[in-house]
Amino acid sequence: MTLPVKLEFSGGAELLVNKVRSHQINLPNNDSKWTLRSLLIWIRDNLLQERPELFLQGETVRPGILVLVNDTDWELLGELDYVIQENDNILFISTLHGG
Amino acid sequence: MADDDVKLLKEQLSRQKEEIEKLKSLLQDKLKLPDVFTSDNDDFPTTIPAVNQLDKESIARYSRQLILPEIGIRGQLLLRKTSVLIVGCGGLGCPAALYLTAAGIGQLGLIDHDEVEISNLHRQILHTEARINVQKSTSAAYACKQYDIVLDATDNVATRYLLNDGCVLAGKPLVSGSALRFEGQLTIYNYKGGPCYRCLFPKPPPPETVTNCSDGGVLGVVPGIIGCLQALEVIKIAAKIGRPCTQRLLLFDALDGSFKAIKLRQKKDNCEVCGSSPSITELIDYEQFCGTRATDKDKVLTILTPEERISVQDYQAIVENGEPHLLIDVRQPVELEICQLSQTINIPMNSLSKEETIKELKEKLIPQADRPKTSVFVVCRQGNDSQVAVKLLKEKLKQLPISIKDIKGGLKAWARHIDRSFPEY
Ligand SMILES: [Zn+2]
């Protein structure tokens, strides 16, 4: 059983994934449950075009990127340990500074 | 421009300023407009005269919003006694100032570090062409204390942290807006148990990941919309109506024509500035903290040695003498459409390190009998990226008998020193 989820990138984060803002993906069958921690590794290996350091720092996202699951701040959901559910909508926002 | 011209313009400017001040005070007497303070005056407001009723003119002026039950006389008087500090008088700050003044906010403070530049005019509707290069004022820090609400309409990370800490320390809500390309973001920090900027972003983003409007571009109406929304949130806070955008982040996607509000964390107990045992109890050095300057203005990098660079004058001589060389422009294709030098090949920065790019380049640079050694020049908008590119190419092409230099100051220098008709953007 694969796990369908929708990944979205905005605020400039989409520039790191071939300028595509929305990615409907199927996470492959996994021995353990898919978490945001393992998703980030999957994104690094499958979606990031180049320079992963512009998206990741260590095992988490770099400072300045917010992660939201179904429009809710991941910090309210356990951050990296959040267990991904079928059809979750996971949004990565790079914060804007311009004005 | 000659020094005399500058002097003349400055004199004209100060005369005009006096004239404007005179007109402003005349107008104020006539219309009883709210006092608009610009920080060139340095006298920040201390108190707003208490008013407990509206006069006839005010009633006429604000009648449309007075008949809204949510506002009414009560709300209008609350607006009248609220003071707001707008930091950043650019694409966000201008529309915000316009609507806050129109709504009858009691006092408005305006601060900006920037000078007004012509490239800003498309999104800064309060400035006119005559005011280009007017040095506005500096220093926001302690001004937060003097006002009831602070509006962050700045354009850089360092000032955003500064205003956040200033507002937390002064206990003031911070209505924060930002915009880039076709996107905008809006939230209120440090208000009603919601997070502050540091609760969300304890660490500043790495400088190389921060894109400003002068590099990334912005469609003027986008900050216009966000600035108007900031004014709206200020009015809601001041009149105590509705559901303020605290602990929520509003995302605006102009291309998609959609808004989205996302739920944010609460204020964090371990936050370094707004938490229960804060380590930041006074303002710090924010440029150092962020590793960037508190401006979105063009910074000048020096990565290469002088021998690895060539001036625009020397490059022009090479072109005029017909010396064979290869000119690589590392800007984005959309930028080459705006302007480019002749005989340019385009290799955008982001594809420079790709293997196929290097392979193609190597083929172009293989030594020929008639040119044992090729000169390569790299150019960009203002001479920063070109240095990074030279460093990278030197590494990738080190086996080849070539010399690689960047054109110092880029196309901006070309426009200023060689060809005055060449566009600057
Ligand atoms: Zn905080």
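## Contacts around a cysteine

Two residues are in contact when heavy atoms of theirs lie within 4.5 Å. With that in mind, let us look at B:C274 in this predicted model. Leaving aside neighbours within four places in sequence, B:C274 is in contact with B:V168, B:C196, B:C199 and B:K267. B:C274 sits in the loop between β8 and α10 of chain B, and its relative accessible area is 8%. Because buried means under 20% relative accessible area, B:C274 counts as buried.

B:C271 is found in the loop between β8 and α10 of chain B and is buried too, at 5% relative accessibility. Not counting residues up to four places away in sequence, B:C271 touches B:C196, B:R198, B:C199 and B:P278.

## The zinc site

Which protein atoms are the donors of the zinc ion? They are the SG atoms of B:C196, B:C199, B:C271 and B:C274, which lie 2.2 to 2.3 Å from the ion. The angles among the four donor atoms run from 94 to 118°, and the site is tetrahedral. For comparison, the ideal angle for four tetrahedral donors is 109.5 degrees.

Along the chain, the donors follow the spacing C-x2-C-x71-C-x2-C. B:C196 lies in the loop between β6 (183–189) and α7 (197–200), while B:C274 belongs to the loop between β8 (258–263) and α10 (286–290), so this pair ties together parts of chain B that are 78 residues apart in sequence.

The UniProt record, an unreviewed entry, places the feature "binding site" at B:C196, B:C199, B:C271 and B:C274. These residues are spread over 79 residues of sequence, yet they cluster in space, with a largest C-alpha distance of 8.5 Å.

## Cysteines without disulfides

How many disulfides does a search of the whole structure find? The search finds zero over all chains. A disulfide is a covalent bond between the sulfur atoms of two cysteines, and here a pair counts if the sulfur atoms are within 2.5 Å.

Take B:C167, which is buried with a relative accessible area of 0%. The closest cysteine sulfur, in B:C144, is 4.2 Å from the sulfur of B:C167, so the two are too far apart for a bond. B:C245 is buried at 4%, and its sulfur is 15 Å from the closest cysteine sulfur, in B:C228, again too far for a bond.

## Chain B as a whole

Chain B has 15 helices and 13 strands. Of its 425 residues, 48% are buried. The chain exposes about 21,900 Å², with carbon and sulfur atoms supplying 53% of that area.

Contacts also link distant parts of the sequence: among those in chain B between residues at least 6 apart, 70% join residues at least 24 apart.

Conventions
Residues are numbered from 1 along each chain as its sequence is written. Chains are lettered from A and ligands numbered from 1 in the order in which they are written. This is a predicted model: local features need pLDDT of at least 70, side-chain atom pairs count only at pLDDT 80 or more; totals for chains, interfaces and linings use all residues. Side-chain values use heavy atoms; hydrogens and water are left out. Buried means under 20% relative accessible area, exposed over 50%, partly exposed in between (1.4 Å probe, protein chains only). Helices (H or I, at least four residues) and strands (E, at least two) are DSSP runs, numbered from the N terminus. Accessible areas come from the Shrake-Rupley method with a 1.4 Å probe; for residues, only the protein chains shown count as cover. Donors are N, O and S atoms within 2.8 Å of the metal (3.2 Å for Na, K and Ca); water is not among the atoms, so sites may look incomplete. Four donors count as tetrahedral if all angles lie between 85 and 135 degrees; four count as square planar and six as octahedral if opposite donors are over 155 degrees apart and all others between 65 and 115; anything else is irregular. UniProt positions are given in the numbering used here, feature names are shortened, and annotations may be inferred rather than shown by experiment.
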